[in-house]
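Here is a structure for a reader who has not met it before. The questions below ask how its labels are earned.

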Amino acid sequence: MSSTGNASAPENVTQELRYNPAEIEPRWQATWDAQPDLYAAESPACGKPKYYVLEMLPYPSGQLHMGHVRNYAIGDALARHQWMRGYNVLHPMGWDAFGLPAENAALKNNTPPREWTLSNIAAMRRQMARLGLSYDWQREVTTCLPEYYRWNQWFFLKLYERGLAYRKKSKVNWCPECATVLANEQVVDGCCWRHEETPVQQRDLEQWFLRATRYADELLRDLDKLEGWPEKVRTMQRNWIGRSEGALVDFEVQRKEKFSPADAPVTLRLNERMREEAPGKITVFTTRIDTIYGATSLQLAPEHPMVAQFCAADSVLGREVQVLLEQQKSAREKDAFGTLEKIGIFTGHYAKNPFNDELLPIWVANYVLLDYGTGAVMSVPAHDARDYEFAQKYNLEIKIVILPRRAESAHEGAEPLLPYTEEDSLLINSGPFDAMGCEEAQRAMTAYAAEKGFGKSQVTFRLKDWGISRQRYWGTPIPMLYCEKDGIVPVPEAQLPVLLPEKIDITQQGGSPLSRVPAFVNAICPKCGGAARRETDTMDTFVDSSWYFYRYTDAKNSSAPFDSAAAAYWFGEQGIDQYIGGVEHAILHLIYSRFWTKMMRDLGLIKNDEPAHRLFTQGMVIKNGAKMSKSKGNVVSPDDMIARYGADATRMYALFAAPPDRDLDWQEDGVAGISRFLSRVYRYALSTMPRAASGRGQALPASLTPTEQKLLRKLHQTIRRISNDFEGRWHFNTCIAAIMELVNDLIAAEPEITAGSVRDSVLYAATRNLILLLQPFAPYLSAELWSLLGETTPLLRASWPAFDAALAAEDTIGIPVQVNGKLRAVITVPIGSAEELLRSTALAEEKVQAAIAGKEITKVIVVPGKLVNLVVR
RNA sequence: GCCCGGAUGGCGGAAUAGGCAGACGCAGCGGACUUAAAAUCCGCAGAUCGCAAGGUCGUGGGGGUUCAAGUCCCCCUCCGGGCACCA
C-alpha cells in the first residue's frame, strides 16, 4: 500500500466483488435502451436464414404476471440462441389492447379507456425492458390504435364482398356481466369465459357472422400438417371442428286419417284441420343409415319448424312444447343441459320410413339439438344409447337390425347386449341389405337413397360460424351502414377507418355505448346520399389477435395491412417458425388465426396455409399447488422478484424449476438458489478474469494437462447437452443444471488453476464459452462478463459455441457389473473396450468374485459400453 | 361417460434407444470462518437393519415380458386438463 495516503487506488477497486444485479442490470439496460436497433430484424437481403419466434401478445392489464415472465423467458432464450446460430431473427411484441377491462376501468376510475390502455402499455413495456427481453420494438403493434384496427375493418369489407361476412338473427350467448354477446368458443361450462360464475343467457339478436364453416374441412385436414403442434391441441381442435360423415334422409309426414287411433301408442290429439293439409317432409341427419330399418320413431328438436307447424294446429301440444323449451333454456343456463332427463312428447303425427314404408311416430324430444345436423333424428333404440334410454322410458318399440359378426361373437346368434353400437357387425331384418357389413351397407343405402331421390350423403360439422358482434365500446367499429332506402351498405374503403369516438359516456348500462353517440351513429349513405345509421356494435377482440403477427412483418404500412413480400419472407411456406403461448388458447385464438390465415391466402395476400409451423404451449405458474390469483392471495409479483434477486435470476428460475411444458410451482427459495448460483459464476469469473482475458488469441496447447483436459471435456459435454436441447425437447431446466455442473467443476478446479496447471488459453476458452452458454438464460450477467473479458463483438452476434467431439470424449468409462441383475461393482475400463476385456475385468473384480463364490455361472451378458451382468445359480 | 396428460426422496425435478434410480437445485443436518450472527466455504443426506463392513427394500397399486423395467405389455387407483345428449 502506498504510504503517501492519497495515491490513486488500483483501477478495479470500484469493481464490485459481490454479484450485485441491482447495479449491473440497470446499467446494461440503459446501454441497451440507447440502441434501438439492437434487436431489430435485418432485411431479407442480409442473406441469413430467417427465424420468426413469437410469443402470444398480452392484454395490457398494466402488470406482467409470472405466466408472462415464463412465456417470454422461453421465447427470449430461443430468440437469443437463434441469433447466435446466425439466423435473421424476428422477435416482436405487441398489445391486445381492445377489450372490456378498459371499459370497466373507465367506469371505476373515470379514466378514458384509451388513456388507461396506453399508460398500461407504457408500464408493461418498461417491465419487459427490465427483464432484458430482446424485442424489436420498432415493430410494436397496438390493436386499439386506428393504424391497426382500420385493417380489421378493411378485412371485414373484403369478407363482406365475398359473402364471408353476413348478418343474421340468431340465438346468442349473452353475458349479463359483460352486457354483450359471446362466441360459442367464449362460453365455458355454460358461463362466461371472463366471469366464471356468471351463467350465459340465451337471447335473440341480429349479429354479424364470419363464415368460418367455409373452411371447416380445410381447418380439419391441415391439422395433420401441423406436426410441430402439441398433439393435445390438435385433438382439441379436431373435436371442436367435429366433422362427421353421414347421410340426409327424407321422411314424408303422413296424414293422420290413414291410421286408426288404436294403432297409436299414445292418444292422438290432432284436430280436424290438420287432416286437410299435406304436412310435407322431415329430413334427418344420421351417421348410421345402416341401422335405418331399426328406426322406430322420429325425434324433432323442440325448435324445429315442423314442430311449430304441428303446434299451430294443436294448442295442447303447443303448451307442452313450450314447457319443454323453458326447461331446456334454464338447463342450458345452468350448464345442466347434458344431464337433463330425456323428455319427449308424441305429436300425434307419423312419418314414413322410405326404406320399408313403415310408419314411425313423430316425437318432440329435448335431447335433440336444433343447430346440429337438421334438428331431426331417426331414433334407433337398439343401436344408439340415447335412443335406447328414451325408448325404455316411453316404452317404444326396439328393433334389432345388426348383429356381431359370428366369428368374433362370443355368444353366437344370441341377441347382443343393448344398446349395441359396434360398426363391425352384420345387418339383419334390413330387406335387401341383409348380411351386409355396416360400412358396406352405409354406402349401399346412401346410394340407394340418392338414386330414389329421398336422400344423399352429407358431411356435418360441429364448428359454427363465428359471431363477432359485441355490444361494447372499446373495440373495432364494424364498418357498416343501415340506410332506409338501400338497406345494409358497407362503408366505402376510402372512408376507413371508421374512428372510434374518443369522448364518450360509457357509464350507462344496456345496449351498445356507441348507439348513444349521435355524431357517430348519424352518417350519410354512400349510395343514395341520404341519412344512414351506423352499425354500433364492435368486433370481438379475437379479430385483432387473428392476424397481428402478420402486421409485425410490416408494422408501419399505411396503405395495406402489410406488404405481401414482407409476409412471404417471414412466413415462408410454413408460417411462424415457433409460436409460444398458453394452452388456454388452444381453441379460441388458434382456430380463429388459422381461419384468418386461410382467408388471407384466398385474398391473395399470403402464400402460407397455416400461421405457425411449430407451437409450444407452456405450463401454468402455480403457487402452493394452486393457480396464482388475487382471490387466493398467492400472487407473486415479477417486480418484487426482480427487485430482490434481479431479472436474470427471476427469468432463469422460471426456466429452471420445471420443464417448460409442465406446470411450475413458484418457490421463492428456488429463486434465491439461482441468485446464489449467479453469484458463484460472477465470483469465479472475476477471480480468473485477468488470466482468461490474456488467453485470448492463443491457440489451445497441443498437449493438455489432466486438469485442462478434464475442464475442456466437461465444457464440451455441456455444449453438446445444451445445443441438443435447443434443437430438440427444450428442457431448459436440465440445460441450466448442466451449466451449474460445469461451474461447479470450474470452481472445484480453482486451486489447480491458481497453481498454474491450467493455461490462460484454456481459461479463456472456458470463460468465453460459459458466457455464451449462459447468454440465452441470463443476458445481463453475460453482458457484464463479456465486457470484462474484453470482448468487443456484440454478444448477440457472437457465434454459438461449437461442439468438439474429440475434446468431449472420455478415455475411460465406468461399467456397472451386476450379478443376477443386482449391482455388485463398477469397473473402470478404456472407452471402447471389447466384450472379452469387459468380461475378464468384471470376473477379476473382488466384489464380483465374492458375489458369485460357490455358484455356477449360467450366462454372461456383456453390452459393450453399457454393462456386464452375470447370471448365476 | 369419452379423449389427453401425470404420479419418482422432506420439496421442485433428473434418468433423450430397456442397462449404475435420485443429476441439478431447494429445504435440512454436521463442520470451518466469526466475539456472535448473516453471508460464504467444506462435508452428509431415499427408507430400513447394522458400531462398522455390508445387507434388505425402493419410481401410485397388482400382474406379465426380459439376463435386466421408472422406461415395454395387461389390469386397477388417484390427481390435473379438455370434450360432453353432436345423432
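Q: Which element supplies the largest share of the surface near RNA strand B?
A: In this predicted model, the largest share comes from helix H21, with six residues. H21 covers residues 732–748. Among the other elements that each supply at least two residues are helix H7 (231–241), helix H19 (668–694) and strand E32 (822–830).

Q: What makes a residue count as near RNA strand B, and which residues come nearest?
A: A residue is near if one of its heavy atoms lies within 4 Å of the strand. There are 51 residues around RNA strand B, and Thr287, Lys342, Tyr372, Arg386 and Arg729 come nearest. Of the RNA atoms that come within 4 Å of the protein, 66% belong to sugar and phosphate.

Q: How do the residues of the surface near RNA strand B divide into nonpolar, polar and charged?
A: The surface has 20 nonpolar, 13 polar and 18 charged residues.

Q: How do you know that Ser244 makes a polar contact with RNA strand B?
A: The cut-off for a pair of N or O atoms is 3.5 Å. A polar side-chain atom of Ser244 lies 2.8 Å from a phosphate oxygen of RNA strand B, so the pair qualifies.

Q: Which atoms of Thr286 and Tyr367 lie by a sugar or linking oxygen of RNA strand B?
A: For Thr286 it is a polar side-chain atom, at 3.2 Å. For Tyr367 it is a backbone N or O atom, at 3.0 Å. Both distances are within 3.5 Å, so both pairs are polar contacts.

Q: Why is the pair Glu245 and Arg243 called a salt bridge?
A: The rule asks for a side-chain nitrogen of Lys or Arg within 4 Å of a carboxyl oxygen of Asp or Glu. The closest N and O atoms of Glu245 and Arg243 are 2.7 Å apart, so the pair meets the rule. By this rule the count comes to 51 salt bridges.

Q: Are Glu245 and Arg243 buried or exposed?
A: Glu245 has a relative accessible area of 54%, which is over 50%, so Glu245 is exposed. Arg243, at 31%, falls between 20% and 50% and is therefore partly exposed.

Q: What does the salt bridge between Glu791 and Arg696 tie together?
A: The two side chains meet at 3.2 Å, N to O. Glu791 lies in the loop between helix H24 (779–788) and helix H25 (805–808), and Arg696 in the loop between H19 and helix H20 (706–727), so the pair ties together parts that are 95 residues apart in sequence. Glu791, at 13%, is under 20% and so counts as buried, whereas Arg696 is partly exposed at 36%.

Q: Where do Glu835 and Arg839 lie?
A: Both lie in helix H26 (residues 835–844), four residues apart, about one turn of the helix. Their side chains meet in a salt bridge at 3.9 Å, N to O. An α-helix has 3.6 residues a turn, so residues three or four places apart point the same way.

Q: How do you know that the span of helix H23 agrees with its number of residues?
A: At 1.5 Å a residue, the 15 residues of H23 (residues 760–774) should span 21 Å, and the end C-alpha atoms are 21 Å apart, so the two agree. H23 is mostly covered, with 13 of its 15 residues buried.

Key
Residues numbered from 1 in each chain as written. Chains lettered and ligands numbered in written order. Predicted model: local features only at pLDDT ≥ 70, side-chain atom pairs only at ≥ 80, totals over all residues. Heavy atoms only, no water. Expected span 1.5 Å × (residues − 1). Buried < 20%, exposed > 50% of the residue type's maximum accessible area, 1.4 Å probe, protein only. Polar contact = N/O pair within 3.5 Å; in protein donor to acceptor, adjacent residues only side chain to side chain. Nonpolar A, V, L, I, M, F, W, Y, C, P; charged D, E, K, R; others polar.
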